[in-house]
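The following note is offered to a colleague who is meeting this structure for the first time. Please read the points below alongside the sequence and the coordinates.

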Amino acid sequence: MVDIQETTLDTLEPGEKARITKVRVKGAARRKLFDMGMVAGADIELVRNAPLGDPMDYRIKGYHLSIRKEEASQIFINKL
Amino acid sequence: MEKREIKIALTGNPNVGKTTLFNALTGSRQHVGNWPGVTVEKKSGRISYKEYDIEVIDLPGTYSLTAYSMDEIVARDFIIEEKPDLVIQVVDASNLERNLYLTTQLMELGSQMLIVLNMCDIAEERGDRIYIDKMQELLATPVITTVATQKKGICDLLDKVIEQKQIEQHHGHEIGYGNEIEEKILEIEKVLSEDETRDKRYPLRWVSIRLLEGDSNVRQKISDSPVYERAMAIIDSIDQEEYEAEIADKRYLAINTVFPQMCTRANDTLTKSDMIDRVLTNKYLGIPIFLALMWGAFELTFAFATPFMDMIDIAATWFADYVSSSLHPDWLASLVGDGIIGGVGAVLVFVPNIFILFFLLSLLEGSGYLARAAFIMDKLMYKIGMHGKSFIPMLMGFGCNVPAIMAARSIEDDKDRLITILIVPFVSCGARLPIYVLFAGTFFGRQAGTVIFAMYILGILIAIISAKLLRGTVVKGKPAPFIMELPPYRVPTFKTSVIHMWDNGFMYIKKAGSIILVGVVVIWIMASFPWGVEYGSEASYVGSLGHAVEPLLKPLGFDWKISVALIFGLVAKEIVVASMGVLYGAGDNSEALSERLLADPGITALSSLSLMAFSLLYMPCVATVGVIKKETGSWKWTMFAIIYGVLVAWITAFIIYQGGRLLGY
């Protein structure tokens with residue numbers, strides 16, 4: 001087994017892929033993220049940062065979803 | 001023969017072509033209004049097909065049916081309470097997996113469903129294959145394919161609607177949430193079922209699941225129930241966040257087990273949309289392109305509309321003169337001419353702006369760029385306590401606050417939207433420019449340009465400070481999280497944009513128009529009475545009011561004449577200049593007015609600066625007040641906007657005038 005290190009979604013570089021392990025976002029954003037497909041086990045890829053650096057453009061479940069670094073830093077992933 | 005009625009509801013994720021399908025179905029037979037009690041737009045239409053009269057209700061586009069937004073609550077309440085014969089979910093064939101999440105929730109509501117697979121052309125082009133038969137079987141729901149933009153499959157759809165109506169069968173299709181959660185669901189169902197007075201339209205299982213997910217709207221709905229406490233005791237015993245995650249997981253798991261059987265997706269090749277994004281949201285090119293597009297949209301909205309606005313203005317003036325000269329007695333002529341026709345003119349003059357703006361916004365939205373605009377501006381806007389989506393309304397504010405406030409409709413979060421609506425009036429619109437030109441030109445000579453620029457900056461600063469202030473006080477909380485789909489770029493449909501433009505244009509005339517008209521007539525009455533005085537003169541009620549408020553405005557450096565001009569400015573801010581002309585006996589002659597202002601010892605460079613700032617900030621014009629009322633749906637917030645504006649204006653002007661005097665100016 002390769003040692004898989006758990007990290008957070010905001011650390012992904014453009015083009016890198018990962019699998020979501022845990023969503024620790026609280027409040028209304030939590031449910032919204034679930035609704036949009038950000039659930040444990042889902043594969044996700046960072047496509048690019050916005051021109052000013054934030055928010056981020058991710059590809060998940062075959063579509064593009066944009067969230068801020070603030071929320072991304074509370075989503076745990078294993079890099080693939 | 002009497003036609004038989006069918007009621008269908010159209011649901012679906014945003015950006016799946018639901019509106020295009022709705023337009024293709026109902027054509028021009030649409031009715032636009034609001035859902036009762038909320039500002040969410042309600043669209044419905046009718047189709048006569050074969051021996052049926054079909055009513056279509058276009059529910060708000062949502063990703064889910066949780067209580068995240070008003071849209072979602074409106075959609076699910078309609079399905080549960082109004083029980084349409086059929087719920088049609090429009091599904092984007094090129095984005096099937098996420099679309100099915102809403103399907104799972106619709107199924108739990110227990111309504112009869114039909115799935116419309118739209119945009120099959122895009123999916124096919126990309127190389128996806130969808131097995132319709134398998135999909136129908138796995139979801140136990142009929143599936144129809146359409147390409148709404150080309151009106152393909154509309155008749156098939158209508159035939160299927162009729163067929164389903166005749167079957168009247170019900171197929172439950174439930175998702176299993178695993179032993180632990182299922183036990184809790186049963187436990188809550190059992191408690192809830194003991195209440196015989198409960199609203200039986202709501203399926204017990206659905207209510208139980210929603211409670212486990214922590215749905216505050218459903219919680220509130222059962223709060224009067226005698227078993228409420230007991231149901232809550234069960235909810236309080238669980239780790240609610242975990243349950244929330246687990247339930248969403250299970251839904252996606254259910255989708256994942258059926259999804260590979262009904263669809264094979266092409267490898268993730270770079271789509272056209274991805275390539276466009278490489279340019280439009282590029283690190284270096286993204287912002288220049290964005291600014292160029294925004295400049296273009298702004299110019300089109302305001303420069304292109306100007307000749308039309310002038311035409312309306314000239315026509316209204318001509319018509320008012322014509323009516324005045326042919327009506328007797330004089331007071332009636334003046335009431336109809338200056339008051340009513342002037343008032344109608346004041347309403348209509350904004351129509352070209354609003355039409356063009358909504359046409360462009362619809363193009364931007366339909367193309368997918370509107371989401372990118374928010375994506376690009378969010379960081380900057382977030383820093384000032386706002387959401388990326390607030391940028392376009394604020395930008396439009398520089399042209400005219402009226403369409404700008406209407407443009408705030410694209411902001412989903414109620415608080416973000418309210419703050420945007422409340423601060424847009426501080427953005428210096430085109431109507432305030434003539435005031436700056438007159439006073440800066442008269443008192444500041446070669447520095448006039450700098451002074452005018454400073455006014456624009458002052459407006460932006462006050463808007464930013466107000467946003468921060470409101471966030472900390474009356475509209476508490478951080479900006480809504482930015483969780484937004486960046487939909488694929490598409491060629492927008494012309495018809496959809498035109499319909500969008502008409503709908504919003506007429507909504508404005510209907511809703512805001514009446515308030516504007518009343519406002520204009522009230523000002524007319526105040527300027528014309530007591531009967532026999534010269535219009536707007538010292539002897540009129542406006543004159544008296546000017547004198548009455550003079551003590552309040554004295555510390556700002558204003559005399560009664562300026563007070564009167566400011567009262568007239570409530571109709572439209574540029575009228576401040578015209579009424580100064582009347583009060584100084586200079587008429588339309590701006591040079592003569594400049595000279596007389598310079599000769600008047602009551603007004604100095606300092607007080608003119610204070611006046612410019614006051615004109616910028618004080619109460620929004622009646623048209624803006626009208627749309628604030630229409631868009632917030634609340635007199636409370638409308639009054640707040642007025643009072644807050646006056647206070648801010650007074651304080652700012654006070655600081656400028658008294659501060660300037662202390663410094664020896």
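Is B:Ala641 buried or exposed? The first point takes up this question, and the others follow from there.

1. The model under discussion is a predicted one. In it, B:Ala641 is buried, because 24 other C-beta atoms lie within 10 Å, and the cut-off for a buried residue is 20 or more. This alanine belongs to helix α30 of chain B, residues 635-662. Residues up to four places away in sequence aside, B:Ala641 touches B:Leu422, B:Pro425, B:Pro620 and B:Ile628. One of these, B:Pro425, is 216 residues away in sequence, yet the C-alpha to C-alpha separation is 8.6 Å.

2. Helix α29 of chain B, residues 622-632, is largely enclosed by the rest of the structure, because ten of its eleven residues are buried. Among the buried residues of α29(B) are B:Val622, B:Ala623 and B:Ile628, and B:Ile628 is also touched by B:Ala641. After α29(B) comes B:Gly633, which has a positive phi near 65 degrees.

3. The largest nonpolar core holds 213 residues, of which B:Val571, B:Met612 and B:Ala623 touch the most other members. Helix α16 of chain B, residues 351-367, provides the largest share of this core, with ten residues. In soluble globular proteins, nonpolar side chains tend to be buried together. With neighbours within four places in sequence left aside, B:Val571 has contacts with B:Ala346, B:Gly519, B:Val520, B:Ile523, B:Cys621 and B:Val622.

4. An open sheet of seven antiparallel strands draws on both chains, in the order β1(A)-β6(A)-β2(A)-β3(A)-β4(A)-β5(A)-β10(B). The edges are taken by β1 of chain A (6-8) and β10 of chain B (483-485); each has a single partner strand, so one side of each lacks a neighbour in the sheet. From one strand to the next, the twist averages 40 degrees.

5. The pairings at the two edges may be described in turn. At one edge, β1(A) runs antiparallel to strand β6 of chain A, residues 75-79, and three bridges join them; A:Thr7 has A:Ile77 as its bridge partner in β6(A). At the other, strand β5 of chain A, residues 63-67, pairs with β10(B) in the antiparallel sense over three bridges. There, A:Ile67 has B:Ile483 as its bridge partner.

6. Contact between the chains involves 29 residues of chain B and 30 residues of chain A. On the side of chain B that touches chain A, at least two residues each come from α3 (96-108), α11 (240-262), α13 (286-302), α17 (369-383) and β10. That side consists of 15 nonpolar, five polar and nine charged residues.

7. Chain B is divided into domain 1 (4-167), domain 2 (179-264), domain 3 (286-430 + 476-512) and domain 4 (514-662). The centres of domain 1 and domain 2 of chain B, taken over C-alpha atoms, are 25 Å apart. Contacts between these two domains involve 20 residues of domain 1 of chain B and 19 residues of domain 2 of chain B. On the side of domain 1 of chain B that touches domain 2 of chain B, α2 (70-82), α3, β7 (129-130) and α5 (132-139) of chain B each supply at least two residues. Of these elements, α3(B) gives the most to that side, with six residues. By class, the same side of domain 1 of chain B has eleven nonpolar, three polar and six charged residues.

Conventions:
Residues are numbered from 1 along each chain as its sequence is written. Chains are lettered from A and ligands numbered from 1 in the order in which they are written. This is a predicted model: local features need pLDDT of at least 70, side-chain atom pairs count only at pLDDT 80 or more; totals for chains, interfaces and linings use all residues. Two strands pair if DSSP finds at least two bridges between them. Helices (H or I, at least four residues) and strands (E, at least two) are DSSP runs, numbered from the N terminus. Axes are lines fitted to C-alpha atoms, for helices over the stretch in contact, and angles run from 0 to 180 degrees between N-to-C directions. A nonpolar core is a set of buried Ala, Val, Leu, Ile, Met, Phe, Trp, Tyr and Cys residues joined through C-beta atoms within 7 Å. A residue is buried if 20 or more other C-beta atoms lie within 10 Å of its own, exposed if 12 or fewer, and partly exposed in between; C-beta atoms are placed from the backbone. Two residues are in contact if their C-beta atoms, placed from the backbone, lie within 7 Å. Ala, Val, Leu, Ile, Met, Phe, Trp, Tyr, Cys and Pro count as nonpolar, Asp, Glu, Lys and Arg as charged, and the others, Gly among them, as polar. Domain bounds come from an automatic or database domain assignment.
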